[in-house]
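Dear colleague,

I am passing on the structure we spoke about, and I would be glad if you could look it over before reading my notes. The notes below the structure concern the ligand and its surroundings.

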Amino acid sequence: MSDRNDQPDDDSGVILETKKKTQRPPLYKVMLLNDDFTPMEFVVHVLERFFGMNHAQSFELMLVVHKKGLAVVGVFSFEVAETKVAQVMDFARRHQHPLQCTMEKE
Ligand code: TYC
């Protein structure tokens, strides 16, 4: 069936088509990028402070970024992802570190 509902079509000009499935909101990956200058302890602190990780998890993920160049540090709704990126970028800038945090649709 080409229509996406079960109602009969008519010639009233009223659009009857409705979406059957509820759409999940898109999710966004938040990523940290490696650089040569930001201290490792600062990145660990960022992960604890803004991403709710414990020290061991933060240290492990910091090392992944350090070795691979980048890593996903969380997946969030658009608004939450945008806020995390802004918080990390602002915190890094205030401490004069070049740490970069970006987001990308999943
Ligand atoms: N590469 C940095 C150093 O050796 C550490 C670092 C890790 C920087 C992760 C940024 O997102 C980053 N001091």
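To begin with the contacts, and bearing in mind that this is a predicted model, a polar side-chain atom of H66 lies 2.9 Å from a nitrogen atom of the ligand. Taken alone, the ligand exposes 350 Å², and the protein buries 89% of that. Two further contacts involve the backbone: a backbone N or O atom of D35 lies 2.7 Å from a nitrogen atom of the ligand, while a backbone N or O atom of L33 lies 2.8 Å from an oxygen atom of the ligand.

Turning to the shell as a whole, the residues around the ligand are L33, N34, D35, T38, M40, V43, M62, V65, H66 and L99. By character they divide into six nonpolar, three polar and one charged. Which helices supply at least two residues each to this shell? They are α1, which spans 40-51, and α2, which spans 55-68, and it is α2 that gives the most, with three residues.

As for the pocket, the space taken by the ligand is the largest pocket, and about 160 Å³ of space lies in that largest pocket. Its lining is made up of L33, N34, D35, D36, F37, T38, M40, V43, M62, V65, H66 and L99, with α1 and α2 being the elements that give two or more residues to it. The largest share of this lining, three residues, comes from α2. When the residues of the lining are sorted by character, seven are nonpolar, three are polar and two are charged.

When you open the model, you might start from the side chain of H66, where a polar atom lies 2.9 Å from a ligand nitrogen, and then follow the backbone contacts of D35 and L33.

With best regards

Notes:
Residues numbered from 1 in each chain as written. Predicted model: local features only at pLDDT ≥ 70, side-chain atom pairs only at ≥ 80, totals over all residues. Heavy atoms only, no water. Near = heavy atom within 4 Å. Polar contact = N/O pair within 3.5 Å; in protein donor to acceptor, adjacent residues only side chain to side chain. Areas by Shrake-Rupley, 256 points an atom, 1.4 Å probe, with all protein chains shown as cover. 1 Å grid on protein atoms, 1.4 Å probe; cavity = no way out; pocket = protein on both sides within 12 Å on 5 of 7 lines; lining within 4 Å. Sits in = over half its atoms within 2 Å of the grid points. Helix = DSSP H or I, 4+ residues; strand = E, 2+ residues; numbered from the N terminus. Nonpolar A, V, L, I, M, F, W, Y, C, P; charged D, E, K, R; others polar. Points joined across faces, edges and corners; volume = space filled by probe spheres on them.
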